[in-house]
Amino acid sequence: MSYTHSHMGSGSRTGRRAFEFGKTHVVRPRGKHQATIVWLHGLGDNGSSSSQLLETLPLPNIKWICPTAPTRPVAILGGFPCAAWFDAGELSEDGPDDWEGLDASAAHIANLLSTEPADVKVGIGGFSMGAATALYSATCAAMGRYGNGSPYYVNLRAIVGLSGWLPGSRSLRNKIEVSHEATRRAASLPILLCHGTSDDVVPYKYGEKSAQCLSSAGFRYLTFKSYDGLGHYTVPREMDEVCNWLTSRLGLEGSR
């Protein structure tokens, strides 16, 4: 399906670039449906592999939606086309952020969540670039708008980021502090960040700095977990942490 920025009401100025998202995989709840979480894969992966991991978790009350990112040229891969939520170069404090790609992915995720029942809590999680996109969505939710100014309507109740980073970290605090509503929303959104100290793809310092930036911008409901010796992958104890955190924050019944 094709999504462009013009679908979010931003006009033809940024609506020229269409993003073709891949197949979406869904893991249906085995018990009472209490929450729906969109889970975002890492660079070059797909929604199918995410669903295979998530269906093994002891969280019978969660419906998992696992989309696949568009295939696009990626700067960090020398322009080689790859499944990516946005274009990314080398990680750095001063690196440019692909706002158009981030907005398109955030809108696609919001669209996936928009048809969920009103009594179901919704959230976003992800790994690596997927975690970065989840955190970007969290900032949109707090500000009530996308980077291009279009309104963001989804009431997110939980964000999980594994081995990721925060796009747009330099300007976040200023954007949140100018609005009482944004400050209130940021303070009430639970976020769990996990990062391995031996990550050689997204270095640990970026996870740590992302947590510090979010906290200083007013995201007070934030938990940062570090894992000694963990590289750029997930391990069972980390996923146990995710399960326990989601069960607690979303008030899930009988998950274990």
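Is Lys205 buried or partly exposed? Lys205 counts as partly exposed, at 44% relative accessibility; here buried means under 20% relative accessible area, exposed over 50%, and partly exposed in between (1.4 Å probe, protein chains only). The model is a predicted one, where local features need pLDDT of at least 70, side-chain atom pairs count only at pLDDT 80 or more, and totals for chains, interfaces and linings use all residues. Residues are numbered from 1 along each chain as its sequence is written, and side-chain values use heavy atoms, with hydrogens and water left out.

Now for the overall picture. The chain has seven helices and eleven strands, taken as DSSP runs (H or I, at least four residues, for helices; E, at least two, for strands) and numbered from the N terminus. With a radius of gyration of 17 Å, close to the 18 Å that the globule rule gives for 256 residues, the chain is as compact as a globular protein of that length. That radius is taken over C-alpha atoms, and the globule rule is 2.2 Å times the number of residues to the power 0.38. The C-alpha trace spans about 50 × 40 × 40 Å along its principal axes. Some 54% of the 256 residues count as buried. As for contacts (heavy atoms within 4.5 Å), 75% of those with a separation of 6 or more come from residues 24 or more positions apart. The accessible surface of the chain adds up to about 11200 Å², and carbon and sulfur atoms hold 49% of this surface; such areas come from the Shrake-Rupley method with a 1.4 Å probe, and for residues only the protein chains shown count as cover.

Next come the spaces inside. Rolling a probe the size of a water molecule over the atoms shows where empty space is left. A cavity is a set of points, on a 1 Å grid over the protein atoms alone, where a 1.4 Å probe fits but cannot get out, and lining residues have an atom within 4 Å of a point. Grid points are joined across faces, edges and corners, and a volume is the space filled by probe spheres set on the points. By this rule there are two cavities of 30 Å³ or more.

The largest cavity has a volume of about 50 Å³. Its lining is made up of 13 residues, and those nearest its centre are Gly161, Gly164, Leu193, His195 and Gly207. Two or more lining residues come from each of helix H3 (129-143), strand E9 (156-162), strand E10 (191-196) and helix H6 (204-216). The biggest share belongs to E10, which gives three residues. By type, the lining of the largest cavity has seven nonpolar residues, six polar and no charged, where Ala, Val, Leu, Ile, Met, Phe, Trp, Tyr, Cys and Pro count as nonpolar, Asp, Glu, Lys and Arg as charged, and the others, Gly among them, as polar.

The second largest cavity holds about 40 Å³ of space. Residues lining this second cavity include Val27, Arg28, Leu54, Glu55, Ile62 and Trp64. Here the split is seven nonpolar, no polar and three charged.

Helix H6 is also home to Lys205, whose C-alpha atom is 9.4 Å from that of Trp165, 40 residues apart along the chain. Gln212 sits in helix H6 too and is partly exposed, at 48% relative accessible area. The C-alpha atoms of Gln212 and Cys82, 130 residues apart along the chain, are separated by 30 Å.

A few loop residues round things off. Ser128 lies in the loop between strand E8 (121-127) and H3, and its phi is near 60°, a positive value in a residue other than glycine; Ser128 is buried, at 7% relative accessibility. Ser163, in the loop between E9 and helix H4 (169-177), has a positive phi of about 55° although it is not a glycine. Ser163 counts as buried, with 0% relative accessibility.

Gly231 is in the loop between strand E11 (222-227) and helix H7 (236-249) and is buried, at 8% relative accessible area. Leaving out residues up to four places away in sequence, Gly231 touches Ser198 and Asp199. Its C-alpha atom is separated by 8.4 Å from that of His195, 36 residues apart along the chain. Gly22, in the loop between strand E2 (19-20) and strand E3 (25-27), is partly exposed at 35%.

Conventions. On a 1 Å grid over the protein atoms alone, a cavity is a set of points where a 1.4 Å probe fits but cannot get out, and a pocket is an open set with protein on both sides within 12 Å along at least five of seven lines; lining residues have an atom within 4 Å of a point.
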